[in-house]
Amino acid sequence: MTPPRDLDVIDLRSDTVTRPTPGMREAMARAPLGDDVIGDDPTVIALQERVAALLGTEAALFVPSGTMANLLALKSQTEPGDEVILHRESHVYYYETAGFAAVAGLSLRFIDSPDGRFGPGSIDPLVRPGDDHFPRTRLVEIENTHNRAGGVAWSVEDVARVSERARALGLRVHMDGARLWNACIARGVSPERFARHADTVSVCFSKGLGCPVGSALCGSRSTIARAHRTRKMLGGGMRQSGVLAGAALYALDHHLARLAEDHANARLLGERLSGVPGVTVNLANVQTNMVYFNVSGDASALCRRLGAQGVLAFDTGPSTIRAVCHLDVSRAQIERAAAVIARECAAQAVG
Ligand SMILES: Cc1ncc(COP(=O)(O)O)c(C=O)c1O
């Protein structure tokens with residue numbers, strides 16, 4: 001529901017809703033530009049080199065979205081008819097319009113677990129026998145942080161164990177790291193520590209880092225060369241995209257460390273909501289910038305009522321609501337949002 005215009009809107013729908021800050025806009029305006037399809041946009045080149053260095057990979061490719069980065073990762077490391085093992089609640093399966101099937105021609109096999117993480121033992125039973133009746137199992141996908149599990153961050157050790165087993169089975173590993181930056185802050189490790197256990201990693205600049213557009217796919221030179229060709233095929237070749245890469249470079253300088261504030265805000269919101277009658281929050285899964293909570297009534301009706309009070313959040317199930325903390329919400333706004341949610345939950349319980 002659109003809130004009345006005079007309300008100070010607290011938009012917790014996603015960390016993608018952030019607007020570029022004045023400093024970021026300035027960096028975009030100042031960015032030296034070329035034509036990235038021809039390959040001479042200096043700001044895109046600088047961003048790709050910076051991200052590859054951060055993740056310790058040979059190469060990185062700037063792409064319009066996390067969806068495209070994941071699709072390119074899959075398509076660059078498989079053949080049509082191959083199969084990918086991934087969590088049932090993964091973003092690739094849930095929210096990426098089945099590009100894995102429509103564009104990459106892939107089949108999926110699912111791992112179930114309560115919080116998006118899984119152990120090496122989950123892989124073996126899902127690997128197909130080497131027989132012409134079956135698809136060829138090719139790749140394991142890990143989502144870090146895991147969105148639908150509530151922003152849960154994998155540990156480096158857990159990623160390493162899964163990756164070691166996958167590689168022993170001859171499988172590649174892709175990490176959907178749309179929020180890898182959050183995982184790094186939550187776990188106190190560098191992106192490189194995670195990336196060394198994957199063949200490809202996608203990262204996003206347009207979520208917690210606050211950019212208007214942009215993601216990157218990182219990996220070996222040969223995989224990124226394949227991804228580069230497919231990016232063009234999918235219409236993802238962008239020309240003076242240095243204006244966007246300039247925002248990403250600015251964000252890496254100014255918005256990385258502050259993700260800890262979003263995590264503290266999510267913790268605060270989770271704790272406040274866990275004390276509200278009729279609301280349940282699994283605080284163990286509130287590890288980064290997201291809070292998923294269950295309500296006793298109809299979640300979509302509650303979201304409409306919250307919207308009318310200037311608090312925007314998404315219902316992600318009949319009784320589940322997601323609130324995401326980001327650059328454009330302050331601690332004071334989180335306190336206010338918690339109070340509004342508590343009031344509306346109480347009203348819904350009565351009404
Ligand atoms: C875990 C995860 N992967 C990938 C994506 C896709 O990113 P985009 O919206 O840039 O396509 C998202 C988007 O929220 C996400 O949460």
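Me: Which residues in H7 meet which residues in H11?

Reply: This is a predicted model. In H7, the residues in contact are Trp 181, Asn 182, Ile 185 and Ala 186. Their partners in H11 are Leu 259, Ala 260 and His 263. By class, this contact has five nonpolar residues, two polar ones and no charged ones.

Me: How should I describe the packing of H7 and H11?

Reply: Two numbers describe a pair of packed helices: the angle between the axes and the distance between the axes. Here H7 spans residues 180-187 and H11 spans residues 259-274. Their angle is about 75 degrees, and the axes are 9 Å apart. Angles of 65 to 115 degrees count as roughly perpendicular, so H7 is roughly perpendicular to H11.

Me: Next, the ligand. Which residues are around the ligand?

Reply: Start with the stretch Ser 65, Gly 66 and Thr 67, then add Asn 70, His 91 and Glu 96. Glu 143, Asn 147, Asp 176, Ala 178, Arg 179 and Lys 207 complete the list.

Me: Which helix gives the most to that shell?

Reply: Helix H3, residues 66-76, with three residues.

Me: How does the shell around the ligand split by class?

Reply: Six residues are polar, five are charged and one is nonpolar.

Me: What lies 2.9 Å from an oxygen atom of the ligand?

Reply: A backbone N or O atom of Gly 66 does. Asn 147 also has an N or O atom 2.9 Å from an oxygen atom of the ligand, this time in its side chain.

Me: Which residue places a polar side-chain atom 2.7 Å from a nitrogen atom of the ligand?

Reply: Asp 176. As for burial, the ligand on its own has 390 Å² of accessible area, and the protein covers 84% of it.

Me: Now the backbone. Which residues does a cis peptide bond join?

Reply: Read omega. For the bond between Asn 144 and Thr 145, omega is about 0 degrees, and the bond is cis. Thr 145 sits in the loop between strand S5 (136-143) and helix H6 (156-168).

Me: Where is a positive phi found in a residue other than glycine?

Reply: At Thr 97, where phi is near 45 degrees. Thr 97 belongs to the loop that runs between helix H4 (91-94) and helix H5 (99-102).

Key
Residues numbered from 1 in each chain as written. Predicted model: local features only at pLDDT ≥ 70, side-chain atom pairs only at ≥ 80, totals over all residues. Heavy atoms only, no water. Axes fitted to C-alpha atoms, helices over the stretch in contact; angles between N-to-C directions. Helix = DSSP H or I, 4+ residues; strand = E, 2+ residues; numbered from the N terminus. Parallel < 35°, antiparallel > 145°, perpendicular 65-115°, else oblique. Contact = heavy atoms within 4.5 Å. Nonpolar A, V, L, I, M, F, W, Y, C, P; charged D, E, K, R; others polar. Near = heavy atom within 4 Å. Polar contact = N/O pair within 3.5 Å; in protein donor to acceptor, adjacent residues only side chain to side chain. Areas by Shrake-Rupley, 256 points an atom, 1.4 Å probe, with all protein chains shown as cover.
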